[in-house]
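This report describes the structure shown below. It proceeds from the overall fold to individual residues and their contacts.

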Amino acid sequence: MEEMIAGWKARTPLEQEIFNLLHKNKPVTLPVMTAREHASRRAMCLEEAQERRAELQKARALQSYYEARTKRTKKIKSKKFHKILKKVKHKEILKKFEELRKTNPTAALEELKKMEQMRMEVENHMQFNFYYTYYLHTCITAIICILHSNTKGA
């Protein structure tokens, strides 16, 4: 067997590279960090590295907390919970629209037109949920009532 291996010659460049790697005495090591990471690591002092590590650790923890919370809320099947959640979203939309109306009335009018157009598209499309259509409709009617009450008082 050894005679066969001794008589074998590498013919292609790939075979030559493999042969050289196998017969070298030093082990092959792959770089763990890229050159850019290595340079940035050398540039940082110890305190900066610790601060950066703490920031990354905090970000990872916050992300895992957020994922766990969303996972728990997705499991909730209570109608009452979803009804309350819908009301909260409805109030947030109204609040954002009211702020937009105070700061930029033309943009608020455009947003109202977009919402009305979306509501019409949803009503025309039969595959959408009835409750989503109702939700959009109530948001738009509430906004229109607010606009009319403000214009009458002015």
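## Overall architecture

Along the sequence, the protein follows the pattern α-α-α-α-α-α-α. The model is a predicted one, and the protein has seven helices and zero strands. Of the 154 residues in the protein, 10% are buried. Among contacts with a separation of 6 or more, 52% are made by residues 24 or more positions apart. The protein exposes about 14,500 Å², and 59% of that area is supplied by carbon and sulfur atoms.

## A nonpolar patch on the surface

Leu-14, Ile-18 and Leu-22 make a nonpolar surface patch of about 330 Å². One of these residues, Leu-14, is found in helix 2, which covers residues 13-23. Leu-14 has a relative accessibility of 57% and therefore counts as exposed, since the exposed class begins over 50%.

## Helix 5 and its salt bridge

Helix 5 comprises 25 residues, from 79 to 103. At 1.5 Å a residue, helix 5 should span 36 Å, and the distance of 36 Å between its end C-alpha atoms agrees with this expectation. At the start of helix 5, Ser-78 places a side-chain oxygen within 3.3 Å of the backbone nitrogen of Lys-80.

The buried residues of helix 5 are His-90, Leu-94, Phe-97, Glu-98 and Arg-101. Two residues of this set form a salt bridge: in the pair Arg-101 and Glu-98, the closest N and O atoms are 2.4 Å apart. Both partners are buried. Arg-101 and Glu-98 both belong to helix 5 and lie three residues apart, about one turn of the helix. An α-helix has 3.6 residues a turn, so residues three or four places apart point the same way. A search of the whole structure finds one salt bridge.

## Contacts around Met-115

Where in the protein is Met-115 placed? Met-115 is in helix 6, which runs over residues 105-124. Met-115 has a relative accessible area of 11% and is therefore buried, the limit for that class being under 20%. Leaving aside residues up to four places away in sequence, Met-115 touches Ile-93, Cys-139, Ile-140 and Ile-143.

Of these neighbours, Ile-93 lies in helix 5. Ile-93 is partly exposed, with a relative accessible area of 30%. Cys-139, another residue touched by Met-115, enters both C-alpha separations tabulated here.

| Residue pair | Separation along the chain | C-alpha separation |
|---|---|---|
| Met-115 and Cys-139 | 24 residues | 8.8 Å |
| Ile-93 and Cys-139 | 46 residues | 7.7 Å |

Through its contact with Ile-93, Met-115 of helix 6 touches a residue of helix 5. In this contact, Met-115 is the buried partner, whereas Ile-93 is partly exposed.

Note on methods. Residues are numbered from 1 along each chain as its sequence is written. This is a predicted model: local features need pLDDT of at least 70, side-chain atom pairs count only at pLDDT 80 or more; totals for chains, interfaces and linings use all residues. Side-chain values use heavy atoms; hydrogens and water are left out. Patches are made of residues with over 30% relative accessible area and no salt bridge: like charges are joined within 9 Å, nonpolar side chains (Val, Leu, Ile, Met, Phe, Trp, Tyr) within 5 Å. Accessible areas come from the Shrake-Rupley method with a 1.4 Å probe; for residues, only the protein chains shown count as cover. A salt bridge is a side-chain nitrogen of Lys or Arg within 4 Å of a carboxyl oxygen of Asp or Glu. Helices (H or I, at least four residues) and strands (E, at least two) are DSSP runs, numbered from the N terminus. Buried means under 20% relative accessible area, exposed over 50%, partly exposed in between (1.4 Å probe, protein chains only). The expected span of a helix is 1.5 Å times one less than its number of residues. A polar contact is a pair of N or O atoms within 3.5 Å; within protein, one must be able to donate a hydrogen and the other to accept it, and residues adjacent in sequence count only if both atoms are side-chain atoms. Contact means heavy atoms within 4.5 Å.
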